[in-house]
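Grab a pencil and work through these exercises with the model open beside you. Each task comes with a solution that goes step by step.

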Amino acid sequence: MKKIVFFAIIFILILVGCSRVPFTNRRQAKLLPEATMNSMSFTQYDAFLKENKISTNKQQVDMVKRVGLRVQKAAETYYKANGLEKKLENFQWEFNLIQNDSTVNAWCMPGGKVVVYSGIMPIAKDENGLAVVMGHEIAHALANHGNERMTQQLAVQAGGVAIDVLMRDKPAETRNIFLQAYGAGATVGALLPFSRKHESEADHIGLYLMAIAGYDVYAASPFWDRMAAGGGQAPPEFMSTHPSPETRAANLKAWAPEAIELAKKYKGK
């Protein structure tokens, strides 16, 4: 059975290998329709907002929305300049700050649904630091990392059954995999190295977005220094199975000149 699952995954990777991630041009496997991903995303996002307290700190709320809109515009600028604007047609951008000082985290679901927790604001410190966080999380959505994770997990669960059949006949299982793909559950085994790849790619793309949006990309490395020094208990996105803060800080510092050069192509557009 393990061999069947393994070859099923390999077949999927070969079948859709022509799909590419914007910005990095990495080949990726993603089989779920964007409409399906967005539908699940919007439903879960609305449910989350009903069950969690939205911050009333006007200064911080305004900052989250301001940074979110600038990063959104940077993404739209890049996509339009590269003939990819149709990929953002079904995005319904939304940026919310959740009042939860004990959670040092943020995330973005498919379709541009973003949440920032108040617990990460002291580490972000200012708009540049917040742009590091939001650029990274938005990059996950732009790169279809959730779709990729779900494709792989559905392939494992299907064991040779067509994915569209699994989604139709077992919607509850599909929903659970969606939640797991967004950090609602711990993933172990072969998927962990893939998640590390996603995190590093999101760091890289997030830095591009920061640069195009006009933020200081050299603020990214110090943010991860602060995360390493006082980030508290690590939430799912910052688990030990992901690149360490020290590694991320070093990578982002090395990538900064490249991001600045890229941004020059889109200045004024």
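**Exercise 1.** Find the bridge partner of I98 in strand 3, then work out how the strands of the sheet are arranged.

*Solution.* Start with I98: its bridge partner in strand 3 is Y117. Keep in mind that this is a predicted model, where local features need pLDDT of at least 70, side-chain atom pairs count only at pLDDT 80 or more, and totals for chains, interfaces and linings use all residues. Residues are numbered from 1 along each chain as its sequence is written, and side-chain values use heavy atoms, with hydrogens and water left out.

Next, count bridges: strand 1 and strand 3 run parallel and are joined by five of them. Strand 2 and strand 3 (residues 113-117) run antiparallel, with four bridges. Strands here are DSSP E runs of at least two residues, helices are H or I runs of at least four, and both are numbered from the N terminus. Two strands pair if DSSP finds at least two bridges between them.

Now put it together: the three strands form an open sheet in the order 1-3-2, with mixed pairing. Strand 1 (94-98) and strand 2 (106-109) each have a single partner strand, so they stand at the edges with one side lacking a neighbour in the sheet. On average, neighbouring strands are turned by 15° against each other, direction ignored.

**Exercise 2.** Which residues of strand 3 stand opposite A106 and W107, and what does the hairpin look like at G111?

*Solution.* A106 stands opposite V116, and W107 faces V115. Then follow the chain through the hairpin of strand 2 and strand 3: three residues lie between the strands, and G111 takes a positive phi near 85°.

**Exercise 3.** Is strand 3 mostly covered or mostly open? Check each face.

*Solution.* First, the tally: five of its five residues are buried, meaning under 20% relative accessible area (over 50% is exposed, in between is partly exposed; 1.4 Å probe, protein chains only). Second, the faces: K113, V115 and Y117 lie on one side, V114 and V116 on the other, and all are buried. That split fits a general pattern: in a regular strand the side chains alternate between the two faces of the sheet.

Third, look for what lies across the sheet: helix 5 (residues 127-142) lies across strand 1, strand 2 and strand 3, at about 30° to strand 2.

**Exercise 4.** Which residues have the most contacts inside the largest nonpolar core?

*Solution.* The core has 58 residues, and the ones to mark are F23, V116, L130, I138, L142 and L209. A nonpolar core is a set of buried Ala, Val, Leu, Ile, Met, Phe, Trp, Tyr and Cys residues joined through side-chain atoms within 4.5 Å. Apart from it lies another core of eight residues, including W107, M109, V115 and Y117.

Zoom in on L142: setting aside neighbours within four places in sequence, its contacts (heavy atoms within 4.5 Å) include P22, F23, A75, Y79, L88, F91, W93 and L209.

**Exercise 5.** Where is Q28 found, and what does its side chain reach?

*Solution.* Locate Q28 in the loop between helix 1 (2-15) and helix 2 (34-51). Q28 is buried, at a relative accessible area of 3%. Its side chain reaches the backbone oxygen of A143 at 3.0 Å, and a polar contact of 2.9 Å joins it to the side chain of E148. Polar contacts are N or O pairs within 3.5 Å; within protein, one atom must be able to donate a hydrogen and the other to accept it, and residues adjacent in sequence count only if both atoms are side-chain atoms.

Methods: Axes fitted to C-alpha atoms, helices over the stretch in contact; angles between N-to-C directions.
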